[in-house]
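Colleague: I should like to go through the assignments in this model one by one. For each, please set the value against the criterion.

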Amino acid sequence: MTMFTYDALPGRVVFGAGAARTGLLDEVDRLGAQAILLIASSSEYELAARLCERFADRLSATFSGVRPHVPVEVAERAREAAAGSDLVLSVGGGSTTGTAKAVALSTGLPIVAVPTTYAGSEVTPVWGMTDQGRKTTGTDRRVLPRTVVYDPELTLSLPAELSAASGLNAMAHCVEAFWAPRRNPVSSAVAEDGIRHLSRGLETVTATPDDLTARTELLLGAYLAGSAFAVAGSGLHHKICHVLGGAFDLPHAQTHAIVLPYVLAYNAPNASVATDRIGAALRQPDPIAALRQLSEKLGVPTGLRDLGVSEADLDAVVDDILAIAPGDNPTPVTAAGVRAILHAAWAGSDPIGPSA
């Protein structure tokens, strides 16, 4: 039998349509919270306030200054707002969850997370912050939410194009789990199932955004994706995207969606078993082509140039990527390899392997 270590992470998950609307008070009560810091972006604050109506008198403070990649100055303001609180409630996407994690990292406050996108970060102990164009990430059990309330109804208002990018971001968590540093048979099985749910949901949601069944598939897939990523860790794909996001302030989900096929193509020649399993979950023998076709169908930007990145700036981030690239990546990570991935992803050209 294969020998492996599987570090199961603690956490309570409440899943189902209407779960946030009907059960959030119970989850707050379970943790005995009496002074709650509510974190929600300005665009989702009205939704968050409605969810908190039954315990509005327990909101000690609110913070809506959420920004992508959690700039350190935003983290500091959120921490200041947490003074006197005994729980952090985050309602929103990955940036909102990330801001809550920044608070928990320094205060130790428990988090209840209510995701409204398919980020998956709500079930990981990974935190990230950006300072002067450089994103730093780390792992700390203090930032792992105690409870996550998954309610597909809350994702119905997510625009189809953002749903597609966010779902493909979750797909990246699954794909990368097959070769991330702490991969194991359990996390790979979870990732494979996550791909199945995500692909089914993505095939429907852009054409029928109000399809609650598709939204449920996507949210379940996002949970599985985050769970696999939390255990397996961060591989080359995420290292590249974190550096790009911090350096150029790029939208997180779209960046991951664009870069994913290129890293898969880079690793595929030396990860045939993983590639076959990814293809089986996508129900296509060529997972690289499948991901490209899915992105095209979903209207995801073709290349990084569509996000406003200058090709001339790409070489400036190569060394930063090499400095954090995992040493056991299936295909050895070289400067030439990273440049090839970046420039192909910038142009949106067909992904090719490292030796092509």
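Colleague: What makes the pair R292 and D350 a salt bridge?

Modeller: A salt bridge requires a side-chain nitrogen of Lys or Arg within 4 Å of a carboxyl oxygen of Asp or Glu. The side chains of R292 and D350 meet at 3.3 Å, N to O, so the pair satisfies that criterion. It links distant parts of the chain, 58 residues apart: R292 is in helix α11 (residues 287-298) and D350 in the segment after α13 (335-347). Helices (H or I, at least four residues) and strands (E, at least two) are DSSP runs, numbered from the N terminus.

Colleague: On what basis do these values rest, and how are residues numbered?

Modeller: This is a predicted model, in which local features need pLDDT of at least 70 and side-chain atom pairs count only at pLDDT 80 or more, while totals for chains, interfaces and linings use all residues. Residues are numbered from 1 along each chain as its sequence is written, and side-chain values use heavy atoms, with hydrogens and water left out.

Colleague: Why is R292 called partly exposed, and what is D350 called?

Modeller: Buried means under 20% relative accessible area, exposed over 50%, and partly exposed in between, with a 1.4 Å probe and protein chains only. R292 has 21% and is therefore partly exposed. D350 has 59%, so the residue is exposed.

Colleague: How do you know that E153 and R21 also form a salt bridge?

Modeller: Their side chains meet at 3.1 Å, N to O. E153 lies in the loop between β8 (147-150) and α5 (160-177), and R21 in helix α1 (residues 19-30), so this pair ties together parts that are 132 residues apart in sequence. E153, at 30% relative accessibility, counts as partly exposed, whereas R21, at 52%, counts as exposed.

Colleague: What makes R277 and E192 a further case, and is E192 buried or exposed?

Modeller: The side chains of R277 and E192 meet at 2.7 Å, N to O, in a salt bridge. R277 belongs to helix α10 (residues 272-282) and E192 to helix α6 (residues 185-205), 85 residues apart. E192 has 12% relative accessibility and therefore counts as buried; R277, at 28%, is partly exposed. The whole structure holds 17 salt bridges.

Colleague: Why is K135 not assigned a salt bridge?

Modeller: K135 is buried, and the nearest side chain of opposite charge, D249, is 9.1 Å away. Lys and Arg count as positive and Asp and Glu as negative, while His and the chain ends are not counted. K135, in strand β7 (residues 134-139), does make a side-chain polar contact with H69 at 3.4 Å. A polar contact is a pair of N or O atoms within 3.5 Å; within protein, one must be able to donate a hydrogen and the other to accept it, and residues adjacent in sequence count only if both atoms are side-chain atoms.

Colleague: What is known of H69 itself?

Modeller: H69 is in the loop between β3 (59-63) and α3 (72-81). At 7% relative accessibility, H69 counts as buried. Its phi is near 65 degrees, a positive value in a residue other than glycine.

Colleague: Where is Q132 placed, and why is Q132 called exposed?

Modeller: Q132 is in the loop between β6 (126-131) and β7. Its relative accessibility is 79%, so Q132 counts as exposed. Phi of Q132 is near 55 degrees, again a positive value in a residue other than glycine.
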